[in-house]
Amino acid sequence: MKNLIYILMLLVVSGHQAQTGNIKGVVIDKQSELPLEGATIELLNLAEGTGVITDFDGRFILEEVPVGRHSIRISYIGFETNTVSDILVSSGKDIFLKVGLLEAFNQLEEVVLSTETNQDGALNEMTKVSVRQFGVEEVTRFAGGRADVGRLAANFAGVSTPNDGRNDIVVRGNSPSGLLWRLEGIPIPSPNHFATAGTTGSPVSALNPNMLANSDFITSAFPAEYGNTIGGVFDLDFRNGNIDDYEFSAQLGIFSGVELDAEGPFGKKNGSFLVAGRYSFIGLIGAGGAGGTSAVPNYHDISFNLDLGSGKAGNLFF
């Protein structure tokens with residue numbers, strides 16, 4: 001009986017200790033991309049204040065953060081404060097963030113102008129109106145999103161879908177073919193499987209939402225860098241992998257398929273790798289008629305982000 005009580009106590013203690021996770025990251029100057037030493041990171045939504053300071057390489061770690069959604073505030077003298085919200089912390093996986101701070105130029109002796117940026121603002125400084133920043137959590141949270149950023153945008157104001165079987169989107173009455181997709185600054189015709197020539201949508205997206213960092217969706221007032229876009233812009237970026245530990249995950253979904261992810265440190269200069277492969281679950285089991293179609297969608301894709309770290313020639317990544 002004593003042994004049984006002892007085992008139960010160990011299970012309770014270990015279960016209690018497992019209900020925490022870590023938030024790691026690096027803070028850089030958004031213009032020069034140099035690390036910022038001594039920046040303050042505060043965990044906001046806890047009863048007791050929790051904060052850390054970045055090291056020489058701009059890195060930080062918030063340990064034993066309770067599981068759930070949290071917000072952090074990053075501040076540094078001479079730079080604008082940045083707030084990152086809606087960070088989902090789990091007990092089995094570290095969260096890695098790369099936060100860029102803008103230098104504050106608008107400070108005078110007589111009048112002090114201060115501003116605070118958060119996740120509701122755009123990543124692109126040239127966009128001021130009709131822009132929405134979104135992250136991977138939003139892609140997986142919306143009902144009927146099917147792990148597809150195109151279907152996520154259909155929930156925004158002024159956006160609709162002409163066909164529920166495809167992820168084409170209509171922005172304020174414009175044609176779906178007027179939509180511009182950009183990945184890491186490179187325009188791509190259509191990031192989808194089974195895409196038709198001249199269109200920007202398809203039944204199945206080839207973009208893995210688990211690979212994405214915070215990105216912009218713009219519906220009008222496009223900056224000059226986006227060319228002759230008339231419908232809308234998806235300006236997407238891949239996130240970096242964990243630079244401290246190796247992590248692996250697996251996922252299964254009817255539409256997203258069978259997925260395997262791996263990430264971890266790479267090289268000796270704070271580099272990292274992130275790779276994810278997916279294979280059609282419906283095609284794997286040979287079940288036709290699933291997902292509202294009589295065809296069997298056989299597809300597979302591989303996405304990766306290899307960061308070689310900072311060196312004398314700058315930061316090189318693939």
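User: What makes the link between the side chains of D235 and Y226 a polar contact?

Analyst: In this predicted model, the side chains of D235 and Y226 are joined at 2.7 Å, and since a polar contact requires a pair of N or O atoms within 3.5 Å, the distance meets that limit and the name applies.

User: Where does D235 sit, and which residues does D235 touch?

Analyst: D235 belongs to strand β17, which covers residues 232-236. Leaving aside residues up to four places away in sequence, D235 touches N124, R182, S215, D216 and Y226, the last of these being the partner in the polar contact.

User: Why is D235 called buried?

Analyst: The relative accessible area of D235 is 11%, and buried means under 20%, so D235 falls on the buried side of that cut-off.

User: Why, by contrast, is I302 called exposed?

Analyst: I302, which is found in strand β21 (residues 300-311), has a relative accessibility of 66%, and because exposed means over 50%, I302 counts as exposed. I302 also helps to make a nonpolar surface patch of about 520 Å², together with V275, F304, L316 and F318.

User: How many aromatic pairs does the structure hold, and why is the pair of F194 and Y299 called edge-to-face?

Analyst: The structure holds six aromatic pairs. In the pair of F194 and Y299, the ring centres are 6.4 Å apart and the planes stand at 85 degrees; centres must lie within 6.5 Å and an angle over 60 degrees counts as edge-to-face, so both conditions are met. This pair links distant parts of the chain, 105 residues apart, with F194 in the loop between β14 (192-193) and β15 (204-205) and Y299 in the loop between α4 (281-285) and β21.

User: How do you know whether F194 and Y299 are buried or exposed?

Analyst: F194 has 41% relative accessibility, which lies between the limits of 20% and 50%, so F194 counts as partly exposed. Y299 has 5%, which is under 20%, and is therefore buried.

User: What makes the pair of F217 and F234 tilted?

Analyst: The centres of F217 and F234 are 4.5 Å apart and the planes differ by 35 degrees; that angle is neither under 30 nor over 60 degrees, so the pair is tilted. F217 in strand β16 (residues 215-218) and F234 in strand β17 are 17 residues apart. Both F217 and F234 are buried, and ring pairs link them with F156 and W181 into a cluster.

Technical notes:
Residues are numbered from 1 along each chain as its sequence is written. This is a predicted model: local features need pLDDT of at least 70, side-chain atom pairs count only at pLDDT 80 or more; totals for chains, interfaces and linings use all residues. Side-chain values use heavy atoms; hydrogens and water are left out. Patches are made of residues with over 30% relative accessible area and no salt bridge: like charges are joined within 9 Å, nonpolar side chains (Val, Leu, Ile, Met, Phe, Trp, Tyr) within 5 Å. Accessible areas come from the Shrake-Rupley method with a 1.4 Å probe; for residues, only the protein chains shown count as cover. A salt bridge is a side-chain nitrogen of Lys or Arg within 4 Å of a carboxyl oxygen of Asp or Glu. Helices (H or I, at least four residues) and strands (E, at least two) are DSSP runs, numbered from the N terminus. Buried means under 20% relative accessible area, exposed over 50%, partly exposed in between (1.4 Å probe, protein chains only). A polar contact is a pair of N or O atoms within 3.5 Å; within protein, one must be able to donate a hydrogen and the other to accept it, and residues adjacent in sequence count only if both atoms are side-chain atoms. Contact means heavy atoms within 4.5 Å.
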